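Please open the structure in your viewer with the chain drawn as a cartoon, and keep the sequence panel beside it. The tour moves by selections, and each stop says what to pick and what is found there.

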Amino acid sequence: MAAAAVALLTSCTQHGSTATSSTPSAAHTPTSSAVASPAASPSAGHTAAGSLARAHGCRSLPVSPAVKLSVTAAYRRHAQPPLTHIAPVKGTFYYGSCKGTFYAGTRFRLTPGSTEAEQVALQDDGAAMKYFTDRPGAGWRYVASDSFPANARGCAGITQIPAHLAALWNDCRSTADQ
């Protein structure tokens, strides 16, 4: 049982590079430079994490720049005041799917050119993880934000994120948290 837990925790994948450009048609297509998660690879069927992922219909996936841009755009649409100069924080981007629905979670940071209103808005809410879903045909939608201080259970405490996916993501405990 301990070996299975270690295999599960070591298979969690974080995706932290910042998006620079993309095409909308590539929204769910991993880039060739993305590092594949063991749970998402074809050979993962022989690992505890791969079995868990397949048994529950969830997989942690490599993230493409197009997905990062789409998720960022979804948060820009949601944020009040509107945020134009933002990007995901390196080491905090999580991406995966469960039974045909895509999920993402990240924190955002300001980018050059930010306004005073953006600086104030992100100061108040910037430390919290944001969570998104993309159901078939619906596009990315903001669904939840972590509390401040952060939920002690990480994304496992966010009801909109399936528990099995949160486990594959190590409960969204990123390298930025350590």
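What follows is a walk through a predicted model, from the whole chain to single residues and back out to the disulfides.

**The whole chain**

Start with everything selected and coloured by secondary structure: the chain has five helices and seven strands, and from the beginning of the sequence to its end these come in the pattern α-α-β-α-β-β-β-β-α-β-β-α. If you switch to a surface view, the accessible surface amounts to about 8900 Å², with 57% of that belonging to carbon and sulfur atoms. Of the 178 residues, 43% count as buried. Residues 24 or more positions apart account for 64% of the contacts in the chain that have a separation of 6 or more.

**The open sheet**

Next, select β1, β3, β4, β6 and β7, which form an open sheet in the order β1-β3-β4-β6-β7 with antiparallel pairing. The edge strands are β1 and β7, each of which pairs on one side only, and from one strand to the next the twist averages 25 degrees.

Now narrow the selection to β3 and β4, which pair in the antiparallel sense over five bridges; here Gly 96 stands opposite Tyr 103 in β4. The hairpin of these two strands has two residues between them, and in it Lys 99 takes a positive phi near 50 degrees. On moving to the pair β4 and β6, you will find antiparallel pairing over five bridges, with Phe 102 opposite Asp 134 in β6. The strands β6 and β7 also run antiparallel and are joined by six bridges, and Tyr 131 stands opposite Ala 144 in β7.

**The helix on the sheet**

Keep the sheet visible and add α3, which packs on the sheet and touches β3, β4, β6 and β7, its direction making about 60 degrees with that of β7. Helix α3 covers residues 65-78, and at 1.5 Å a residue its 14 residues should span 20 Å, which agrees with the 20 Å between its end C-alpha atoms. Show side chains along α3 and pick out the buried residues, namely Ala 66, Val 67, Lys 68, Val 71, Thr 72, Ala 74 and Tyr 75. When reading such a list it helps to recall that an α-helix has 3.6 residues a turn, so residues three or four places apart point the same way.

**Strand β4 and one of its residues**

Hide the helix and select β4 alone: is this strand mostly covered or mostly open? It is mostly covered, for six of its six residues are buried. Both of its faces are covered, with Thr 101, Tyr 103 and Gly 105 buried on one side and Phe 102, Ala 104 and Thr 106 buried on the other.

Zoom in on Thr 101, which is found in β4 (residues 101-106) and is buried with a relative accessible area of 11%. Leaving aside neighbours within four places in sequence, Thr 101 is in contact with Gly 96, Thr 133, Asp 134, Arg 135 and Pro 136.

From that list, select Pro 136, which lies in the loop between β6 (130-135) and β7. Is Pro 136 buried or exposed? Pro 136 is exposed, with a relative accessible area of 67%, and beyond its neighbours within four places in sequence it is in contact with Gly 100 and Thr 101. A distance drawn from Pro 136 to Gly 100 gives 7.1 Å, C-alpha to C-alpha, although 36 residues separate the two in sequence.

**The disulfides**

Finally, select the bonded cysteines: how many disulfides does a search of the whole structure find? The search finds two, and with the bonded cysteines numbered in sequence order the pairing is 1-2, 3-4.

One disulfide joins Cys 58 to Cys 98, with 2.0 Å from S to S. This pair links distant parts of the chain, since Cys 58 is in β1 (residues 58-60) and Cys 98 is in β3 (residues 94-98), 40 residues apart. The torsion about the S-S bond of Cys 58 and Cys 98 is about 115 degrees, so this disulfide is right-handed, and both Cys 58 and Cys 98 are buried.

Another disulfide joins Cys 155 to Cys 172, with 2.2 Å from S to S. Cys 155 lies in the loop between β7 (139-145) and α5 (163-168), while Cys 172 lies in the segment after α5, so the pair ties together parts that are 17 residues apart in sequence. The link of Cys 155 and Cys 172 is right-handed, with 85 degrees about the S-S bond, and both cysteines are buried.

Conventions:
Residues are numbered from 1 along each chain as its sequence is written. This is a predicted model: local features need pLDDT of at least 70, side-chain atom pairs count only at pLDDT 80 or more; totals for chains, interfaces and linings use all residues. Side-chain values use heavy atoms; hydrogens and water are left out. Helices (H or I, at least four residues) and strands (E, at least two) are DSSP runs, numbered from the N terminus. Buried means under 20% relative accessible area, exposed over 50%, partly exposed in between (1.4 Å probe, protein chains only). Contact means heavy atoms within 4.5 Å. Accessible areas come from the Shrake-Rupley method with a 1.4 Å probe; for residues, only the protein chains shown count as cover. A disulfide is a pair of cysteine sulfur atoms within 2.5 Å. The expected span of a helix is 1.5 Å times one less than its number of residues. Two strands pair if DSSP finds at least two bridges between them. Axes are lines fitted to C-alpha atoms, for helices over the stretch in contact, and angles run from 0 to 180 degrees between N-to-C directions.
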